[in-house]
Amino acid sequence: VRDANQFTVTALGSGSKGNATLIRINDTLLLVDNGFSCKEIESRLQQRGVSAEQITAILVTHEHSDHFKGVPTLSHKYQIPVHMNLGTSLHKNAAGLKHLHLFNSHQSFKIDGITVNPVSVPHDSREACQFVFECNQQKVGLLTDLGHITPYVTEQYQDCDILLLEFNHQRELLLAGPYPASLKSRVTGNYGHLCNVQASEFLTEAICHKLQYLVAMHLSEENNKTELVKESINNQKLNAQTQVILADQNQGFDWITVQ
Ligand SMILES: [Zn+2]
Ligand SMILES: [Zn+2]
């Protein structure tokens, strides 16, 4: 088997219109969030050469519809276990889930050989968390949907081989843009989303010699520009071997594998 025992990761879409990320190692295939309809996610899975029947488990970060909308239908149709914390499970969107497994946001747990570390993040949902995955001394960090970086977050995301990091907006663009004032203050607030500057500052804290891939995630189509994201990443001292990828709403990004 190609890429045996190596983490391999893809996003089927990333942004406020829908998120879904796949983390695979050997036969274990984890889907983090599903903000897409059943038809849509089935076709996006197919584009990446996998099918819903292969999904071992769905993990949910929080109940916002760009992450949660398609979770119940997909889980019911294919009888896939869904893991989330108690706060998220108490939201009405999660009512009636048949294959629900609760985790404690402050405790790691295992799915097959993969250690899942939930990380609590400041975001305006009931109990937002993000995830760090570990297996065979490899580490994949997913970090989106947070208003600011906390010391705890910085500590949890050290030494990743693959880091999927939110670059939501350029502050100046957002403030000058068409959003109503309430939405502007929500997005830029402490419980909103990371801007380019916050994300690139985080890189100086979390960058390490191991980092092979940095993927910019959850870019705002309205309030960001790919050149600005690239610029803010280039301003950081990335290692020469670190590849930078920008995920987008329609295509996400194709499979990448820890070497
Ligand atoms: Zn989101
Ligand atoms: Zn959110």
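1. The largest nonpolar core in this predicted model has 30 residues, and those with the most contacts inside it are Phe7, Leu59, Phe133 and Phe253. Strand E9 gives the largest share of this core, 4 residues. A general tendency fits here: in soluble globular proteins, nonpolar side chains tend to be buried together.

2. Phe7 is a good residue to select in the viewer. Leaving aside residues up to four places away in sequence, Phe7 touches Ile23, Arg24, Ile25, Ile114, Phe133, Glu134, Cys135, Gln138, Val140, Ile256, Thr257 and Val258. Apart from the core of Phe7 lies another core, of 23 residues, including Leu143, Leu146, Ala199 and Ala216.

3. Next comes strand E10, residues 138-143. Of its 6 residues, 6 are buried. Gln138, Val140 and Leu142 point one way from E10, while Lys139, Gly141 and Leu143 point the other way. Both sets are buried.

4. E10 has a partner in strand E9, residues 129-135; the two run antiparallel and are joined by 5 bridges. One of the pairs is Phe133 with Val140 of E10. E9 and E10 form a hairpin with 2 residues between them, and Asn136 in the turn has a positive phi of about 50°.

5. E10 also pairs with strand E11, residues 162-166, through 4 bridges, and here the strands run parallel. Leu142 has Leu164 as its bridge partner in E11. From E10 the chain crosses through helix H5, residues 151-156, to E11, and this β-α-β crossover is right-handed.

6. Helix H3 covers residues 71-78, and its buried residues include Val71, Pro72, Leu74 and Ser75. A general point on geometry helps: an α-helix has 3.6 residues a turn, so residues three or four places apart point the same way. Among the elements that cover the buried residues of H3 are strand E3 (28-32), helix H1 (38-47), strand E4 (57-59), helix H2 (65-68) and strand E5 (82-85). Gln79 follows H3 and has a positive phi, near 50°.

7. Which residues are the protein donors of the zinc ion (ligand 2)? They are His62 (NE2), His64 (ND1), His123 (NE2) and Asp145 (OD), at 2.2 to 2.5 Å from the ion. Along the chain these donors follow the spacing H-x1-H-x58-H-x21-D. His62 counts as buried because its relative accessibility is 0%, under the 20% cut-off. His64 has a relative accessible area of 21%, so this residue is partly exposed.

8. The zinc ion (ligand 1) has the protein donors Asp66 (OD), His67 (NE2), Asp145 (OD) and His218 (NE2), lying 2.2 Å from it. Their spacing in sequence is D-H-x77-D-x72-H. Asp66 and His67 are buried.

9. What joins the two sites? Asp145 bridges the zinc ion (ligand 1) and the zinc ion (ligand 2), and the ions lie 3.6 Å apart.

10. Why is the site of the zinc ion (ligand 2) irregular? The angles among its 4 donor atoms run from 91 to 171°, and a tetrahedral site needs all angles between 85 and 135 degrees, so the tetrahedral label does not apply. The site of the zinc ion (ligand 1) is irregular as well, with angles of 91 to 160° among 4 donor atoms. For reference, the ideal angle for four tetrahedral donors is 109.5 degrees.

How values were computed: Residues are numbered from 1 along each chain as its sequence is written. Chains are lettered from A and ligands numbered from 1 in the order in which they are written. This is a predicted model: local features need pLDDT of at least 70, side-chain atom pairs count only at pLDDT 80 or more; totals for chains, interfaces and linings use all residues. Side-chain values use heavy atoms; hydrogens and water are left out. Donors are N, O and S atoms within 2.8 Å of the metal (3.2 Å for Na, K and Ca); water is not among the atoms, so sites may look incomplete. Four donors count as tetrahedral if all angles lie between 85 and 135 degrees; four count as square planar and six as octahedral if opposite donors are over 155 degrees apart and all others between 65 and 115; anything else is irregular. Buried means under 20% relative accessible area, exposed over 50%, partly exposed in between (1.4 Å probe, protein chains only). Two strands pair if DSSP finds at least two bridges between them. A crossover is right-handed if, with the strands pointing away from the viewer, the path from the first strand over the helix to the second runs clockwise. A nonpolar core is a set of buried Ala, Val, Leu, Ile, Met, Phe, Trp, Tyr and Cys residues joined through side-chain atoms within 4.5 Å. Contact means heavy atoms within 4.5 Å.
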